[in-house]
Structure formats: structure tokens, C-alpha cells
Amino acid sequence: MTDWRPHLARALRLAARGRARVAPNPMVGAVVVRDGAVIGEGWHRRAGGAHAEVEALARAGPAARGATLCVTLEPCNHQGRTPPCTDALLAAGVARVVACHRDPNPAVAGGGFARLREAGVEVVSGLLVEEAVRLNLRFLVPAVLGRPLVTLKWAMSLDGKIATAGGDSRWISSPPGRRWALGLREEHDAILVGSGTVLADDPRLDRRLGRARGPILRVVLDRRLRLPPGARLLAVEGPVLVYTAAGPPAGPRRELAARGAEVVELAEVEPRAVLADLARRGVGSLLVEGGGEVAAAFVAAGLYDQVAALVAPLLVAGRQAPGPLGGPGGGSLAEAPRLEAFTVRRRGPDRVLTALRAGCSRELSSSVAGS
């Protein structure tokens, strides 16, 4: 029996090439295999562009007839910005489709597999499911959980400090580490900070690497509407959304509106309400950059999916030097939230640690593993 996992692993690597340009679509890769050899491959390069299956079939040409297509996600069976991939597969005459998992999009949701089987194409699924799920968290979390993917990100010293006791935080990370952090902005729809971070650091919170299309949505949690009209983020092109408590002062609200910011009143400025509003706006992924109290609020609510922490080889020390998570914390280690799928990567002298919320991958995998 053929082991299709190596070909699916190749398709997953291809899919990752579309990381910054496909949202709100999933990252998808595909390879066409005949007699054990790859005769065509492709990936979804940008939203609105050709899907991975169509690109792979085009490269395989007539040799695709009777071949196997290995793809990271169930082929679509509906007309969107592009025609259904199932039509292209049937026209090409493939004999078998091997996919990692089902597409939870209600417009697909098993319909692609069903259409192929009805036409006599063999369908195999359920291979490398967790790997495929981790690749497409930005797509799957909104589709399955009904809210944006939440990534908590911070940079800290080896002794767990994000700044000195005097508030100096520039720069804990090295230039390669800072470029990694900017790369995260290219991969998320929105970035969020608290008003304290804006007042302390006056960040721009913009995209600078040119990988993604258009500016990122900047989100500020500001219960007392302290955001100054002269803040640098208001001078940078792109939308700014400020969440504040009900009944904000009219003067500051007018000043912020004059600078292009949208001020939204919430009964309570807390993660669940913020994520619900962002979901209504079509935001699929949120990068939470600061500060410690904001990050702690998302952790306490259990409303996060992955953590990305840069650790720099320096020691800050000091009882008053802040760490990445504030808040009251738990009373015992048994109450501490657990993480999984832990990875370590090198960025210059820094180390980037990433992990998923415990249960996140399993929760999503169980929702899409069926065929």
C-alpha cells in the first residue's frame, strides 16, 4: 500500500509559501503523483488567485489522467472567486485524491469529497491531520470556534523581563529577532495593544516587510480613552480601532475620529467582547503584542491559541521589572494553563519559542478529521 504521507508533507511545505497573502483563504498545497514520482505541484499563492489543485494539474498536464493528487485540504465544490476545484480534478481525470482533512467551511464541508466519490474518484483522507491543522490555524479557528485566531507575542530577557524597572525595552531583541516579530504582522489581520503600551512606547504597529497586501488593522484597548491624538499609529496609513468603555468623553472621541480612528463603546472592554466585535468585522487573526495586563486577560479568559515568545540572551533583573504576563495569576501550578507543540527556532542570537494552547490542535483536528 502506498504511503502518501511524504507527498502530503511536500504539499504542506508548498502551502506555507502562501502564508502572508492568502487570508481569509486557507494555505493549500498540492502535488500530482504518478508511478511514485511527482509530475506537478502548486500552492495557493494569493486570495482570488488559482487554487493549489488547479496550479498542480496545469503543471502536470495530460499526464494527470489516472494519477493521484495529494492535497492538504478537501478540494472545494462551490463557485467562489474561482471555479470549483472538483470540476478541474474531474476534467483532468485523476483517479485518486489524498487529502489531510475536511474543509469546515459550510460551503464545502464534505461536499468536495462527496462529489469526487460520486464521480468514481477514490478519496483518502485523515493523514497528517495535526500538521495540516497547525499550518492553517488562521483559517480553522474562525471556521470552527467562531472567533479570530489569537496569537500572544512578546520579547523578553532570559530571566523573563520585557523591560527594565524604569520601562526601557528598546531593544531586548536583536535585529533578526525584530524582523521575525515584523513577520508576524504580515501573517495576521489585526494587531492589538493596550493604551498603556501606546503611552509608554508610542509604537506605529504597522507592516513594513511588504509581504502582505494592504495595512494591518491596529486595535487599542483604551477604557478611559487616553490615546493621544498625536500618537504615531494615527499618523500611519491604515485603520485604527479603539475599544473604550461606555460613555467616553466627547472631546477625546471627536479628536480621535478627526485623526481617522474608529471609537467603539463596549459594556466591558474585555477579550470576549473584543473578539466578538472583531469577528463581526471579518477579522480572522489577531496578534496581541502588549502589554502584560492585556496578555494576561486573554490567558485568564482562555481566549488564545498560540504563544510566540522571543528570548534574548541578556539578564535584566529587578523586582519591579515587568514580565510578559501581569494580572493576579493562579494560586497553584495545577491551575496554570498548559501549552503543547513546543518549538524552538534561532533568530540571530535570540531564540523564538512557540507553542499552542493545550487542547487547541486536538479540538480543531476532531472537527475536521471526518471525510
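## Strand E12 and its surroundings

Strand E12, covering residues 306-312, is mostly covered, with six of its seven residues buried. Keep in mind that this is a predicted model.

Let's look at the partners of E12. On one hand there is strand E6 (residues 149-157), which pairs with E12 in the parallel sense over seven bridges. Within that pairing, Ala155 has Leu310 of E12 as its bridge partner, and Met156 is matched with Val311 of E12. E12 also pairs with strand E14 (residues 350-357); these two run antiparallel and are joined by six bridges. Here Gln306 has Leu356 of E14 as its bridge partner.

E6 has another pairing too: four bridges join it to strand E11 (residues 285-290), and the two run parallel. In this case Leu152 is bridged to Val288 of E11.

Here are the strand pairings side by side:

| Pair | Sense | Bridges | A bridge partner pair |
|---|---|---|---|
| E6 and E12 | parallel | seven | Ala155 and Leu310 |
| E12 and E14 | antiparallel | six | Gln306 and Leu356 |
| E6 and E11 | parallel | four | Leu152 and Val288 |

How many of the nine residues of E6 are buried? Eight are, so E6 is largely enclosed by the rest of the structure.

One residue worth zooming in on is Thr151, which sits in strand E6. Is Thr151 buried or exposed? Its relative accessibility is just 1%, and the cut-off for buried is under 20%, so Thr151 counts as buried. Which side chain does the side chain of Thr151 make a polar contact with? That would be Gln306, at 2.8 Å. Leaving aside neighbours within four places in sequence, Thr151 is in contact with His188, Leu286, Leu287, Val288, Gln306 and Ala308.

Gln306 turns up again in a pocket. The second largest pocket holds about 920 Å³ of space. Its lining is made up of 32 residues, and those nearest its centre are Arg19, Arg134, Gln306, Arg345 and Thr354. By type, the lining residues of this pocket split into 16 nonpolar, six polar and ten charged.

Which elements supply at least two residues each to the lining of the second largest pocket? Among the helices there are H1 (5-15), H5 (129-135), H6 (137-145) and H7 (175-186). The strands E6, E12, E13 (339-347) and E14 each do so as well. E13 gives the most to this lining, with five residues.

Methods: Residues are numbered from 1 along each chain as its sequence is written. This is a predicted model: local features need pLDDT of at least 70, side-chain atom pairs count only at pLDDT 80 or more; totals for chains, interfaces and linings use all residues. Side-chain values use heavy atoms; hydrogens and water are left out. Buried means under 20% relative accessible area, exposed over 50%, partly exposed in between (1.4 Å probe, protein chains only). Two strands pair if DSSP finds at least two bridges between them. A polar contact is a pair of N or O atoms within 3.5 Å; within protein, one must be able to donate a hydrogen and the other to accept it, and residues adjacent in sequence count only if both atoms are side-chain atoms. Contact means heavy atoms within 4.5 Å. On a 1 Å grid over the protein atoms alone, a cavity is a set of points where a 1.4 Å probe fits but cannot get out, and a pocket is an open set with protein on both sides within 12 Å along at least five of seven lines; lining residues have an atom within 4 Å of a point. Grid points are joined across faces, edges and corners, and a volume is the space filled by probe spheres set on the points. Ala, Val, Leu, Ile, Met, Phe, Trp, Tyr, Cys and Pro count as nonpolar, Asp, Glu, Lys and Arg as charged, and the others, Gly among them, as polar.
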